Amino acid sequence: MDMEIPVIDLQGLTGDASQRSQTMARLHEACKDWGFFWVDSHGVDAALMEEVKRFVYAHYDEHLKDRFYASDLAKDLQLPAEESKTVSGEVDWETAYFIRHRPANNVADFPEIPPATREMLDAYIGQMVSLAELLAECMSLNLGLDGGLVRDTFTPPFVGTKVAMYPACPRPDLVWGLRAHTDAGGIILLLQDDVVGGLEFFRGDREWVPVGPTKGSRIFVNIGDQLEVMSGGAYRSVLHRVAAVAEGRRLSVATFYNPGADAVVAPAATARQPAAQLYPGPYRFGDYLDYYQGTKFADKAARFQAFKELFGSRIRHD
């Protein structure tokens with residue numbers, strides 16, 4: 001059940017020493033044992049979160065819905081089963097676009113988004129970045145590192161948002177909304193649907209854990225590959241996927257707080273995990289991201305090993 005997923009109330013960080021210690025310990029356990037969790041009292045304005053969701057729904061209805069259902073994939077899945085050419089596991093049933101926020105903003109590439117909505121999105125992203133920086137500081141301290149290590153390594157960070165909709169699918173038995181993968185970057189903050197589920201995370205070697213619809217104004221957090229590398233495996237990025245659904249539609253607004261392209265990533269010098277030596281580094285995050293694009297849906301351990309052999313401890317200078 002989704003209620004088993006850790007819920008971290010960040011208000012404890014502003015309490016007395018005992019409350020802060022307990023909150024930090026719960027966060028560390030969630031990062032170490034789960035790799036994903038919910039946060040409450042996160043500082044992101046609830047009304048602003050609702051504005052973002054209203055924008056995403058309206059934008060989908062006006063600009064994306066008809067085009068998506070007119071796509072070759074949608075047409076194929078509406079054919080009788082014996083006539084469909086879609087092969088399970090090879091495509092994703094989603095309509096998505098990516099907005100870059102920092103260091104360069106590309107919202108001008110979306111002329112249909114009016115100025116007032118752009119200002120609203122900027123305000124939302126500002127609060128999400130503050131949350132990501134707070135989590136980065138806490139994670140650094142919990143790993144026994146300088147509190148600014150993750151933030152300083154990422155600087156200037158790349159911040160972008162994947163806006164996705166998973167519409168009702170005529171053949172959810174044939175496709176995934178999104179195939180299983182780990183995220184390439186650092187800290188991922190998810191504003192997701194409060195009605196329709198479908199997101200699943202794999203916990204260790206145990207089972208797929210369903211992430212139910214959002215309750216209240218919680219934000220879902222998961223860890224990307226770069227924090228696994230920096231922590232020497234103490235924290236791990238986790239496989240996740242989205243199931244296609246026959247009814248309803250699922251909203252997903254995932255904000256990525258990642259290293260900049262030229263950021264140099266490596267296991268922290270103080271990382272004492274036995275597995276730390278298995279990770280590549282130092283390397284440019286941009287090089288890792290280029291390699292990730294072709295291996296996103298492949299085995300993560302194999303990706304780390306192959307990338308280590310390619311880039312090892314050398315940094316490519318173009």
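In this predicted model, Arg241 and Glu200 form a salt bridge in which the closest N and O atoms are 2.6 Å apart. The two residues belong to distant parts of the chain, with Arg241 in strand β10 (residues 240-243) and Glu200 in strand β7, 41 residues apart. Both ends of this bridge are hidden from the surface, since Arg241 is buried and so is Glu200. Arg241 also takes part in a contact with an aromatic side chain, for its charged end sits over the ring of Trp208, 3.8 Å from the ring centre.

The strands that carry this salt bridge are part of a sheet. Strands of a sheet in general pair through backbone hydrogen bonds, either parallel or antiparallel. Here four strands form an open sheet in the order β5-β10-β7-β8, with antiparallel pairing. Its edges are β5 (176-181) and β8, each of which pairs on one side only, and from one strand to the next the twist averages 25°. Between β7 and β10, which run antiparallel, there are three bridges, and Phe201 stands opposite His240 in β10.

Salt bridges also connect other regions, and the count for the structure comes to 15. One of them joins the side chains of Arg218 and Asp40, at 3.3 Å from N to O. This pair links distant parts of the chain, with Arg218 in the loop between β8 (207-211) and β9 (219-223) and Asp40 in strand β2 (residues 36-40), 178 residues apart. Arg218 is buried, with a relative accessible area of 16%, whereas Asp40 is partly exposed at 22%.

Another salt bridge is formed by Asp194 and Lys53, whose closest N and O atoms are 3.4 Å apart. Because Asp194 lies in the loop between β6 (187-192) and β7 (199-203) while Lys53 lies in helix α2 (residues 46-69), the pair ties together parts that are 141 residues apart in sequence. Asp194 is partly exposed, with a relative accessible area of 38%, but Lys53 counts as buried at 5% relative accessibility. Glu50 joins these two residues, in that Glu50, Lys53 and Asp194 are linked in a network of salt bridges.

Aromatic side chains supply a further set of contacts, and the structure holds 21 aromatic pairs. The rings of Tyr69 and Trp93 have their centres 6.2 Å apart and their planes at 65°, so this pair is edge-to-face. Tyr69 lies in helix α2 and Trp93 in the loop between α3 (72-77) and β3 (95-102), so parts that are 24 residues apart in sequence are tied together. Tyr69 counts as partly exposed at 28% relative accessibility, while Trp93 counts as buried at 0%.

The rings of Tyr97 and Phe110 have their centres 5.5 Å apart and their planes at 50°, so the pair is tilted. Tyr97 is in strand β3 and Phe110 in the loop between β3 and α4 (115-142), 13 residues apart, and both are buried. Elsewhere, one aromatic cluster is formed by Tyr279, Tyr283, Tyr288, Tyr291, Tyr292, Phe304, Phe307 and Phe311. A charge also meets a ring at Phe297, where the charged end of Arg179 sits over the ring, 3.9 Å from its centre.

What remains is the question of how many disulfides a search of the whole structure finds. The search finds zero. For Cys138, the closest cysteine sulfur is that of Cys31, and a bond is ruled out because the 9.2 Å between the sulfurs is too far. Cys138 is buried, with a relative accessible area of 1%, and Cys169 is buried as well, with 3%.

Definitions and conventions
Residues numbered from 1 in each chain as written. Predicted model: local features only at pLDDT ≥ 70, side-chain atom pairs only at ≥ 80, totals over all residues. Heavy atoms only, no water. Salt bridge = Lys/Arg side-chain N within 4 Å of Asp/Glu carboxyl O. Buried < 20%, exposed > 50% of the residue type's maximum accessible area, 1.4 Å probe, protein only. Pairing = 2+ DSSP bridges. Axes fitted to C-alpha atoms, helices over the stretch in contact; angles between N-to-C directions. Disulfide = S-S within 2.5 Å. Phe/Tyr/Trp six-rings, centres within 6.5 Å; stacked < 30°, edge-to-face > 60°. Lys NZ or Arg CZ within 6 Å of the ring centre and 35° of its normal.
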